[in-house]
Amino acid sequence: DTCVIYSDRMAEIAVRAVNADRFLMFYHNADIGKAYHDTYGYRRSEKIISVSQAQCKKLKQLRPAFANKMIAIPNDVDVDSVLRRAQQPAEQPLFPHDGIHLVSCGRLAHQKGFDIAAEACSNLVKMGYSDLHWYILGVGPLKAELENLAKEYGVQEHFHLIGSRDNPFPYMTEADLYIQPSRTEGYSLSILEARVLACPTVATYGAAGEQLEDGINGTLCDADAGTLTEAVARHLQNPELSEQYRRALKQFSFEKANRDIMNRIEALL
């Protein structure tokens with residue numbers, strides 16, 4: 001009766017190949033301007049579901065002819081799985097260095113802003129945080145560029161590209177701060193998982209504008225090294241701020257949020 005598709009180059013093929021009464025299209029691409037836009041799929045779909053309000057607004061501006069079909073429904077999260085895996089032993093020693101431990105997760109790509117993180121790391125070391133270590137979990141095309149950038153900033157002993165991990169949650173749980181420096185995100189799953197783990201988080205508005213309340217359960221900043229540096233330093237200078245965020249995050253009901261999300265999706269079916 002209903003065919004669910006995702007907006008990419010395969011969506012048009014699916015729409016043409018599948019005989020269904022209704023089509024629902026989910027749109028999760030973060031970089032809307034550079035993404036492939038499937039006009040045929042948009043035309044056939046009854047609803048086009050974006051993963052955030054901000055993304056939905058941008059998509060409406062870009063493709064106004066289909067704006068009346070566009071709605072926003074965020075991702076849900078498997079809370080039990082995240083909490084269970086966070087308690088599992090790490091694949092190897094988490095942090096081989098003593099001191100301040102910052103963690104970020106994501107593909108080593110321009111969108112994720114790890115070049116911004118490298119510069120912020122340099123700024124923090126220059127401010128006197130000589131025992132700071134920033135661990136980046138992920139792989140991607142910019143690994144060599146980021147390694148060279150860390151050397152250029154003189155923080156190769158502080159900025160660690162440790163590759164992918166099947167289970168990142170022990171790292172997130174044990175970190176002093178979780179940081180998402182992305183230039184843009186549709187809806188950050190990593191931030192959602194950090195919230196489940198009650199990790200004090202610093203993130204850019206482009207990554208978490210709809211997921212964290214600045215100063216209430218997280219710190220939001222612009223996607224530039226200066227404001228990211230200031231945001232991290234604020235936590236390092238005021239440990240109580242992180243504890244405040246932990247308390248606020250633990251009060252959030254993911255069970256209710258997940259139920260609301262599933263009710264909205266089921267209503268479309």
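**Exercise 1. Classify Ser 52 by its accessible area and describe its surroundings.**

Solution. Step 1: Ser 52 has a relative accessible area of 5% and is therefore buried, a class that requires under 20%, whereas exposed requires over 50% and partly exposed lies in between (1.4 Å probe, protein chains only). The model is predicted, so local features need pLDDT of at least 70 and side-chain atom pairs count only at pLDDT 80 or more, while totals for chains, interfaces and linings use all residues. Residues are numbered from 1 along each chain as its sequence is written, and side-chain values use heavy atoms, with hydrogens and water left out.

Step 2: Ser 52 sits in the loop between strand S3 (47–50) and helix H3 (53–62). Such elements are DSSP runs numbered from the N terminus, with helices (H or I) of at least four residues and strands (E) of at least two.

Step 3: The side chain of Ser 52 reaches the backbone nitrogen of Gln 55 at 3.1 Å, and a polar atom of that side chain lies 3.0 Å from the backbone oxygen of Gly 186.

Step 4: Not counting residues up to four places away in sequence, Ser 52 touches Ala 72, Gly 186, Tyr 187 and Glu 210; contact means heavy atoms within 4.5 Å.

**Exercise 2. Identify the residues that touch the most other members of the largest nonpolar core, and the elements that supply this core.**

Solution. Step 1: A nonpolar core is a set of buried Ala, Val, Leu, Ile, Met, Phe, Trp, Tyr and Cys residues joined through side-chain atoms within 4.5 Å. The largest one has 28 residues, of which Leu 102, Leu 132, Trp 134, Phe 159, Ile 179 and Leu 228 touch the most other members.

Step 2: At least two residues each come from strand S5 (100–105), helix H5 (114–126), strand S6 (132–137), helix H6 (143–153), strand S8 (177–180) and helix H10 (225–237). The greatest contribution is that of H5, with seven residues.

Step 3: Leaving aside neighbours within four places in sequence, Leu 228 is in contact with Ile 116, Ala 117, Ala 120, Trp 134, Ile 179, Pro 181, Val 202 and Cys 221.

Step 4: A second, separate core of 23 residues includes Val 77, Met 172, Leu 192 and Leu 197.

**Exercise 3. Determine whether Gln 180 is buried or exposed, and find its side-chain partner.**

Solution. Step 1: Gln 180 belongs to strand S8. Its relative accessible area is 1%, so Gln 180 is buried.

Step 2: The side chain of Gln 180 makes a polar contact with the side chain of Tyr 178 at 2.4 Å. A polar contact is a pair of N or O atoms within 3.5 Å; within protein, one must be able to donate a hydrogen and the other to accept it, and residues adjacent in sequence count only if both atoms are side-chain atoms.

**Exercise 4. State which residues of helix H4 are buried and what covers them.**

Solution. Step 1: In H4 (residues 79–86), the buried residues include Val 79, Ser 81, Val 82 and Ala 86.

Step 2: Their cover includes helix H7 (169–174), helix H8 (189–196) and H12.

**Exercise 5. Characterise Gln 92 by its location, accessibility and contacts.**

Solution. Step 1: Gln 92 lies in the loop between H4 and S5. Its relative accessible area is 41%, so Gln 92 is partly exposed.

Step 2: Excluding residues up to four places away in sequence, Gln 92 touches Arg 165 and Tyr 171.

Step 3: Gln 92 and Pro 64 are 28 residues apart along the chain, and their C-alpha atoms are separated by 50 Å.
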